[in-house]
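Visitor: I'd like a close look at one part of this model, and then a walk outward from there. Could you take it slowly and keep it informal?

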Amino acid sequence: MNIKQLAAEKAVDWVEDGMTVGLGTGSTAVYAIRKIGELVQQGMRIQAVATSEESEKLARELSIPILPFAEVGTIDLTIDGADEVDPDLNLIKGGGGALLREKIVAARSRQVMIVAGENKVVKRLGEFPLPVEVVTFAHEWTIQKLESLGCTPVLRKTDSGEVFITDNGNYTVDCHFNEILNPARMHRQLNDIPGVVDNGLFIGLASAVVVAYNSGTIEVKR
Ligand code: 5RP
């Protein structure tokens, strides 16, 4: 079993009968969704809300009941991946292009379990380019404003060279900072720019991080 699967399946131990569960996005979250699918097959009553169209499609294939977000009361537990995790459990997310729905679902959740291999754990955020979701209108100007915060911004493209469009119809700009000294302040500065919808800094949203090590051990950081 690889470390992504190890971390993801461990987090699914927190899923209980009757829960509303938030389904994350990305290659680590996929293992959690598959495991939750097994629980549903075994008769556990779970309903879910997905953080991306991709995760929703997988969940439907696995017969996990999906609720439209408007019908969701409180989400009991969300299990999602991350691109970087710092010692305060602040995160960079959005490498998979789903940061906005991921942040909305996390903010609505009682508990957010982040699942990650040890390679995602860093002393300081920012080596991973920070994804920022921007509206398409005047995006060239928004990108200039992002650059003025000290990063090199790169408009995300697909492998075939098309501009990447999020599930919400927006663009993603990957901001190369190298390091982010004050993540909470940077979060505010980014979201103060007109045209920015949200950014991939998740400050104080993770309840716990399940880290899987190459040695096969697991640590739950709180
Ligand atoms: C998607 C995300 C993912 O959780 C993050 O990119 C980690 O992905 P992976 O598990 O594939 O490394 O934030 O928007």
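Visitor: Where is Asn-178 placed?

Guide: Bear in mind as we go that this is a predicted model. Asn-178 sits in the loop between S9 and helix H6 (183–191). Its backbone catches the eye, as phi is near 75°, a positive value in a residue other than glycine. For background, most residues other than glycine have a negative phi. Asn-178 counts as exposed because it has 11 C-beta neighbours inside 10 Å, and the cut-off for exposed is 12 or fewer.

There's another residue of this kind to set beside it. Leu-89, not a glycine either, has a positive phi of about 65°. Leu-89 also belongs to a loop, the one between S4 and S5. With 19 C-beta neighbours inside 10 Å, Leu-89 counts as partly exposed, because a residue needs 20 or more to be called buried.

Now follow each loop back to its strands. On the Asn-178 side, that means strand S9 (residues 171–176), which is joined to S7 by 5 bridges and runs antiparallel to it. One of the facing positions puts Val-132 opposite Val-173 in S9. S7 also has 3 bridges to strand S10 (residues 196–199), again antiparallel, and there Glu-133 has Asp-198 as its bridge partner. As a general point, strands of a sheet pair through backbone hydrogen bonds, either parallel or antiparallel.

S7 itself deserves a pause. In strand S7 (residues 130–134), 5 of the 5 residues are buried, so the strand is largely enclosed by the rest of the structure. Leu-130, Val-132 and Val-134 point one way, while Pro-131 and Glu-133 point the other way, and all are buried.

Pro-131 is worth singling out within strand S7. It counts as buried because 25 other C-beta atoms lie within 10 Å. Setting aside neighbours within four places in sequence, Pro-131 is in contact with Gly-94, Gly-95, Leu-99, Thr-172, Asp-174 and Gly-200. Its C-alpha atom is separated by 14 Å from that of Gln-189, a residue 58 places away along the chain.

On the Leu-89 side, the strands on either end of the loop are S4 and S5. Strand S5 (residues 91–92) is joined to S4 by 2 bridges, and the two run antiparallel. Here Glu-84 stands opposite Ile-92 in S5. Step back and you find an open sheet of 3 strands in the order S4-S5-S11, with antiparallel pairing. Strand S4 (84–85) and strand S11 (201–202) each have a single partner strand, so each is an edge with one side left without a neighbour in the sheet.

Two of the contacts of Pro-131, Gly-95 and Leu-99, lead on to other places. Gly-95 is among the residues that come nearest to the ligand, together with Gly-26, Thr-28, Gly-81 and Gly-96, out of 18 residues around it. The elements that give two or more residues to this shell are helix H2 (27–41) and helix H4 (99–107). H2 gives the most, with 3 residues. Sorted by class, the shell has 4 nonpolar, 10 polar and 4 charged residues.

Leu-99, for its part, is one of the buried residues of H4. That helix is mostly covered, with 7 of its 9 residues buried. Glu-102 is in H4 too, and the UniProt record, an unreviewed entry, places the feature "active site" there. Glu-102 counts as buried because it has 31 C-beta neighbours inside 10 Å. Beyond its neighbours within four places in sequence, Glu-102 is in contact with Gly-24, Thr-25, Thr-51, Asp-80 and Lys-93.

Finally, go back to Thr-28 and Gly-81 from the ligand shell. Both are touched by Val-115, as are Ala-7, Ala-8, Ala-11, Ala-32, Ile-79 and Val-210, not counting residues up to four places away in sequence. The largest nonpolar core has 54 residues, and Val-115 is among those with the most contacts inside it, along with Ala-7, Ala-11, Ala-32 and Ile-114.

Ala-7, Ala-8 and Ala-11 are among the buried residues of H1. In helix H1 (residues 3–11), 8 of the 9 residues are buried, so this helix is largely enclosed by the rest of the structure. Its buried residues pack against H2, strand S3 (75–80), strand S6 (109–117), strand S12 (208–212) and strand S13 (218–221).

Conventions: Residues are numbered from 1 along each chain as its sequence is written. This is a predicted model: local features need pLDDT of at least 70, side-chain atom pairs count only at pLDDT 80 or more; totals for chains, interfaces and linings use all residues. A residue is near a molecule or strand if its C-beta atom, placed from the backbone, lies within 6 Å of it. Helices (H or I, at least four residues) and strands (E, at least two) are DSSP runs, numbered from the N terminus. Ala, Val, Leu, Ile, Met, Phe, Trp, Tyr, Cys and Pro count as nonpolar, Asp, Glu, Lys and Arg as charged, and the others, Gly among them, as polar. A nonpolar core is a set of buried Ala, Val, Leu, Ile, Met, Phe, Trp, Tyr and Cys residues joined through C-beta atoms within 7 Å. Two residues are in contact if their C-beta atoms, placed from the backbone, lie within 7 Å. Two strands pair if DSSP finds at least two bridges between them. UniProt positions are given in the numbering used here, feature names are shortened, and annotations may be inferred rather than shown by experiment.
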